[in-house]
Amino acid sequence: MKQTLTPTIDDLKLECVLVQAWKKVSKYIRLHSWYADTLAVDYQSLRLPDFIKEIQNKLQYAPVWHPSLLRVVPAPKSQKWKIGPNNNWVPAEKINNKLRPLAHVSLEDQVLATAIMLCLADHCETLQGNTTLSVKKSENRKGVVSYGNRLFCDSSDNVLQHRWGSAKLYRQYFTDYQTFLGRPGIVVDELKREIDQNEYEIAVVHTDMSKFYDRVRPGLLIEKIKKHKPEGTDQLFLDLTESLFNWSWADKTWAAKYAGLNKIDGFKQVALPQGLVAAGFFANIVLLDFDKSLRNSLDHTIDRNKPIVLRDTCRYVDDLRLVFTIPKGTSECEVGSEVSAWLNTLIDETANGLFIEREKTTVTIEGREQRFLVPQSKAAARIQHEVSGTFDMLHGTELIGVIEGFFHTQQRYSQENNKNKQHAGFLIGLSDLRDDTATRFAAGKFRRTFRSLRPMLNDEDFPDENDDGDEEDTASALPSTIALSKKQLDERGRLFAAMLIEEWVTNPSNVRLLRIAFDLYPDHEFLNDVLGLLKDGWQVGGRRGEQREVMLYCLAELFRAGATETGIVMDDDCLPKGIEPANYHDRLLREAKEILNSYSTKTSARQRFPWYLLQQVFLYLAARNDLTELSLLSRRSNKMLSLYQDFCGFLKGEPEQQLQRRCIFTALAVSAFGHEHVLPTLTLSKKFIEQLTRTAPAVALSLWRMRDISEHSEPGLYKAAMQAGLIIKPTEQVTGSLPEIASRPWNPFWGEENLLELAFELISRRSSIADKIITPWQIKCSVEPESANKYTIPKISGVEIGKYSPRGSEIFMVPDWCDDEDSRRRFELGQILRFALRGSIDFHRSKQQKRTDRIIRYRPPVTHWEQLRYAGFHGRSAFESDWIPISSWTEDLLLELLRWPGCARNSEEWSFRKVRDEIINRRCHLEEIRGKASNLIFLEQKAPFPNKKHFAKWPRPLRIGVVQTITPSLEDFKNHPSDPELISDPTFRRKQRQHLASVVEGIAQMLRIRETHMPQNREDKRLLDWLVFPELSVHPNDVNSIIIPFVREHRCMVLAGLVYHTEYSLPGAPLINSALWLIPEWTHSTGLQIRRIEQGKFNLAEQEKMLNPKPLPFRPAQWIVQYEWNSDQCRPLNLTASICYDSTDLALASDLKFRSDIYAVCALNKDVGTFDRMAESLHYHLYQRVLIVNNGQFGGSNFYAPFNGHYHRQVLHLHGQPQTQIAFIEVDPEKFICRPYNYDNDLLPQGKWKSPPAGWEMTCLKR
């Protein structure tokens, strides 16, 4: 299986390489190129095998490749506009050279360019150095200059390896840009300690290259590629690259005018169009020699006659930051001129045709107070950190103010405005962030904070209780609270939105701010004013030239935003009161229809309506499903619009004759636009059903379930659906087929034991079957009768492979990149197991949550199933809810079986023999660890180190946080007897959200206090490892918004009792009581992920049985979380948990005796004394730590250990009620692993182990 790519034509033509290139291209375009032909991306994604085959066919003629013509999208650069005397919007300066030529590049060219990049990636990224190394070390700085547009890579022995088998392309912008901005400051601080400040000063120079992308000619790029090509590059590959990277413009007149205005030579041929996904990577190749010259110049003077010495340099694409030491008293002007001239000399030698403009070079000299750098980048990093975490009402209010302050500071010390301001010469500040970067950042963070904060706030202001009308008293009185009310936040939101719109009015390049303003505050009156300003761009007799292009660009962005984001929220409480997005969209719809009607008028000048505007108008109308009055022009009028017109015609009910096109339109209508109403209107045929299943199995399933077609009413269609795999029933009279069993509401294969039974039998029996393809319909399973508890997973007792008719054969074909028998058998087994877990012909796709909302919007359509084979998430949530008893071992097994080219470059593939042996060993292990007394299955979930490890050894302690929340209390459930999910009372939901957010905020504060008297001084800088909440303490709707951000920030595990919730995946959708484990996990392949598992509750308390609806007993497995605490071969610390009354189950206690080290109990229990005594007895009989976390309404949370001294035995006990309390426990895992040995009394918690109880064996706790 291909894992490493080389720059050869053979590798370039591989399907796996082109598909991975497509994944990266389509993802990048959707995220970053709003003006791209969205519908074309969607269309090709649903015919991906044909699209890839077409590229491969063209590559047969390599090195000949004819790139498509580029279509220009004129985008406004920074420029000044104003509202004129007649309320018309006009430029305040000359703007004829203030446009940026964004380019629409054909998808075939995009994919091929990206594939070429993948073949060159490892070598060229290694040449640029590792950006993840700390810039605080000078030796690291010497190896890296370039930070912008760096590919996402792993590092091994100083060699960078791009993950070409994943969808990730470039590294995160914010991370590398922060490093780029912060690096000069680190160097300056070092130099202050080194130089003689009586003789020298330190100068920081900012500059950039003039119109960099536009000035790179094809010859320059190819010269650099050939010079820096890796060993083994073939000539055919280079010749093809030269043919591709030589684009021409469709609108030659516009391009010639632009080149003339900006004095750009040779602009007829373009190497790096602004819109090419791979352009950033190739831009860095162009500058490799320039970077090398900069590194060679370090610690040297840039001019023999003047001691201006380069101390450090870094580059973010075309933006440069340089640090110099200069003779004391040298002027900023002189430094700027010398540095600009020197840089241009280097550029002439290494990248001829590019240059630095002196006017863009700014110099700041340390210690000269008249001109100083404003560290906005540091403020941005702090805001990013705070907004990404959890905050309560008070902290959120502060954040709103901080973001507003950041925004105003940037306006005050703007880089652009500083060029034109008349200063008094005293304290002239200059922001270290570009204006557009800073304002976009502030706008985005304000929106996020606004939407997270608003649902927690109270509706009205609370009057000051001290306000008795006495002016003297009120003048000195403090307000009762400084947290905002919803009304006050809405006012701040309106004001901030207005400021963003004003920023756009004065500088239309800030169109992103306009989009955020309307998303934050979708007010139809604001929109009406903005549309009034833009109307001159398309009306007859309106603007011309550059003014029209600016207006139409902004208008197109508004329509795009309207289709994808504006005012779209999951909770209406996130929007300001009195704002109706429906009114906003009614106004935007009217504008869209006016534009199309004007465009359709034969007498109208079509040049007033560029293709990129009309595409967004069509997209918006399709998303709103408002096409009834739409008059569609002839399809031949504009080929860039024909696909949109055909699709809109399809939505209106016009017949589409071409079969594949009709299937794709059906999939788009349903999955991208949510227009399921088209399904009943479709004319079905055998070929249509087959083609739709090949295109989008999920949509085909929806269609078939919606249509009432039986074997007798339409036997031909029924048979076609059966052969396609849409119908579970087998052709032969066979009971117990794998699809029939796996599609049951209570799928037996959700149990790991059953899944491994199936795997073992398939491995054992496959060699006796001669069929090239095995599909699930050829597999028969026997299922034991269900137990009295219908929510216990039934057991599989037998598996056969029969000579039955296969179904869906195409989908179960083993891909060509499985190039040996081992890999083919692995993949075949993996597909069957994944099908068993999903129970659907759409098994390649992860299970999607049922959409209860009916939000009108465009979203990317379903992914073609063949593309899904080149990716894979096999966590339990891919198949069903978080509770299904599938361990991390099985997740790893599926990843190994279904691995694809490039997915695991540094790990060895398993042989099929090893797969068999591992499955056999796992089956035996599961049988061994099944509870003998409780008959429960015990499953492990790894809790690995949650950070990228930068140190050789990584022992870590276990700091446990104990949280006694109060809301909801027992009385809250009694007050809502018919609403145990606590969802129908908005006032109470807000109260609960406020309480939880305040508690989580308090945990962060208490951790800071804890560090002042019990510092851990850990290498990983973590302050918390495991946080435990009581039973029924966290609402499921608050997990993602409050708990997950805390986990991401602190990289700690959380165990939280969830409020009663409906489990829709089970028969009858019962109400259950469970606790949620959240386990952070960092891997090279996926980065940080949060694993989720649910620990169910089986034994219900009496008061729970009085609820309506009544929760049902539900505990599919007992989870053992394996906390990895040491890099040596020590076994993990085993953690397990129960919910309240389950902890009194003596059978469970008996089974836990040899399986866990710490037993946690999440409780909502008023009988504190009984639980105290239970903990006192359990901790010794289990011979392990017992932690009980109770609701603060009753208190009594405790932590016991079987130590000799009674004063050591009770490590924690929280008294008092009602008390919200937060406490911490320090644990050294080694002390638990090695019990009962007492060889190190310094290990925490203090105390010596008692002698073990009778029958307790140390050997049972070894790895």
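A salt bridge is a side-chain nitrogen of Lys or Arg within 4 Å of a carboxyl oxygen of Asp or Glu. The views below are drawn from a predicted model.

**View A. Domain organisation of the chain.** The domain assignment gives domain 1 (9-70 + 105-365), domain 2 (731-861 + 879-898) and domain 3 (938-945 + 957-1234). Between the C-alpha centres of domain 2 and domain 3 the separation is 33 Å.

**View B. The interface of domain 2 and domain 3.** Here 17 residues of domain 2 are in contact with 21 residues of domain 3. Together the two domains bury about 1,700 Å², with 57% of this area on carbon and sulfur atoms.

**View C. Polar and charged pairs between domain 2 and domain 3.** Three salt bridges are counted between these domains. In a salt bridge, the side chains of E891 and R1091 meet at 2.5 Å, N to O. Helix α35 (residues 888-897) supplies three residues, the largest share of the side of domain 2 that touches domain 3. Nine residue pairs are in polar contact across the interface.

**View D. Surroundings of C16.** The closest cysteine sulfur to that of C16 belongs to C119 and lies 9.7 Å away, which is too far for a bond because a disulfide requires sulfur atoms within 2.5 Å. C16 counts as buried, at 5% relative accessibility.

**View E. Surroundings of C1162.** C1162 is likewise buried, its relative accessible area being 0%. Its sulfur is 9.4 Å from the closest cysteine sulfur, in C1140, and therefore too far for a bond. A search of the whole structure finds zero disulfides.

Technical notes
Residues are numbered from 1 along each chain as its sequence is written. This is a predicted model: local features need pLDDT of at least 70, side-chain atom pairs count only at pLDDT 80 or more; totals for chains, interfaces and linings use all residues. Side-chain values use heavy atoms; hydrogens and water are left out. Buried means under 20% relative accessible area, exposed over 50%, partly exposed in between (1.4 Å probe, protein chains only). Domain bounds come from an automatic or database domain assignment. Contact means heavy atoms within 4.5 Å. Buried area is the accessible area (1.4 Å probe) that two parts lose on being put together, summed over both. A polar contact is a pair of N or O atoms within 3.5 Å; within protein, one must be able to donate a hydrogen and the other to accept it, and residues adjacent in sequence count only if both atoms are side-chain atoms. Helices (H or I, at least four residues) and strands (E, at least two) are DSSP runs, numbered from the N terminus.
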